Amino acid sequence: QVHVVESGGGLVQAGGSLRLSCAASGSIFISTMGWYRQAPGLLRELVATITRDGTPTYADSVKGRFAISGDNAKNTVYLQMNSLKPEDTAVYYCQITAVLTTYWGQGTQVTVSS
């Protein structure tokens, strides 16, 4: 059984930084790891993904501010968030894609005050 656990959310002032972490336990072969977010009243949206070979993809809204990285040996993915804006406020979810299956974490709240 696979468990996905996020950590690192919190409250920060605009312009500040946070680092999210996500670890997947269990024996799986991960192809892609990523972060999504969902603000109240809005649909869940892609923030960033990274493939097993280290190729990142970013939403336009976070390019140049966020950086995704992964550790395949630890089944862990990180999201470094800099220059945070109030519009970045959301619940951030980790997504792990393995062969034929996608796993989600429970979400971690990120709140950016103006």
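## Buried charges, core and surface patch

Arg37 has a relative accessibility of 6% and therefore counts as buried, the cut-off for that class being under 20%. This value, like the others in this report, was computed from a predicted model.

**Salt bridges**

The structure holds 4 salt bridges. Side chains of opposite charge can pair when their charged atoms come close. Three of the pairs are listed here with their closest N and O distances.

| Pair | Closest N and O atoms |
|---|---|
| Glu45 and Arg37 | 2.7 Å |
| Asp88 and Arg37 | 3.0 Å |
| Arg65 and Asp88 | 2.7 Å |

Asp88 is placed in the loop between strand 8 and strand 9, whereas Arg37 belongs to strand 4, so their salt bridge ties together parts that are 51 residues apart in sequence. Asp88 and Arg37 are each buried. Arg65, for its part, is found in the loop between strand 6 (56-58) and strand 7, so its pairing with Asp88 ties together parts that are 23 residues apart in sequence. Arg65 is buried, as is Asp88. Through shared partners, the salt bridges join Arg37, Glu45, Arg65 and Asp88 into one network. Within this network, Glu45 counts as partly exposed because its relative accessibility is 37%.

**Nonpolar core**

In soluble globular proteins, nonpolar side chains tend to be buried together. In this model, the largest nonpolar core has 29 residues, of which Trp35, Leu79, Met81, Tyr92 and Ile96 touch the most other members. Two or more residues each are given to this core by strand 3 (18-25), strand 4 (30-38), strand 5 (45-51), strand 7 (66-71), strand 8 (76-81), strand 9 and strand 11 (108-113). Strand 9 supplies the largest share, 5 residues.

Tyr92 links the description of the core to that of the charged network. Neighbours within four places in sequence aside, the contacts of Tyr92 include the core residues Trp35, Leu79 and Met81. Arg37 is also among the contacts of Tyr92, as are Glu6, Leu20, Tyr36, Val47 and Phe66. Gly107, Thr108 and Val110 complete the list.

**Surface patch**

Phe29, Val99 and Leu100 make a nonpolar surface patch of about 410 Å². Leu100 is located in the loop between strand 9 (90-98) and strand 10 (101-104). With a relative accessibility of 88%, Leu100 counts as exposed, because that class begins over 50%. Leu100 is thus exposed, whereas Arg37, despite its charged side chain, is buried.

Methods: Residues numbered from 1 in each chain as written. Predicted model: local features only at pLDDT ≥ 70, side-chain atom pairs only at ≥ 80, totals over all residues. Heavy atoms only, no water. Patch = residues over 30% accessible without salt bridge, like charges linked within 9 Å, V, L, I, M, F, W, Y side chains within 5 Å. Areas by Shrake-Rupley, 256 points an atom, 1.4 Å probe, with all protein chains shown as cover. Salt bridge = Lys/Arg side-chain N within 4 Å of Asp/Glu carboxyl O. Helix = DSSP H or I, 4+ residues; strand = E, 2+ residues; numbered from the N terminus. Buried < 20%, exposed > 50% of the residue type's maximum accessible area, 1.4 Å probe, protein only. Core = buried A, V, L, I, M, F, W, Y, C linked by side-chain atoms within 4.5 Å. Contact = heavy atoms within 4.5 Å.
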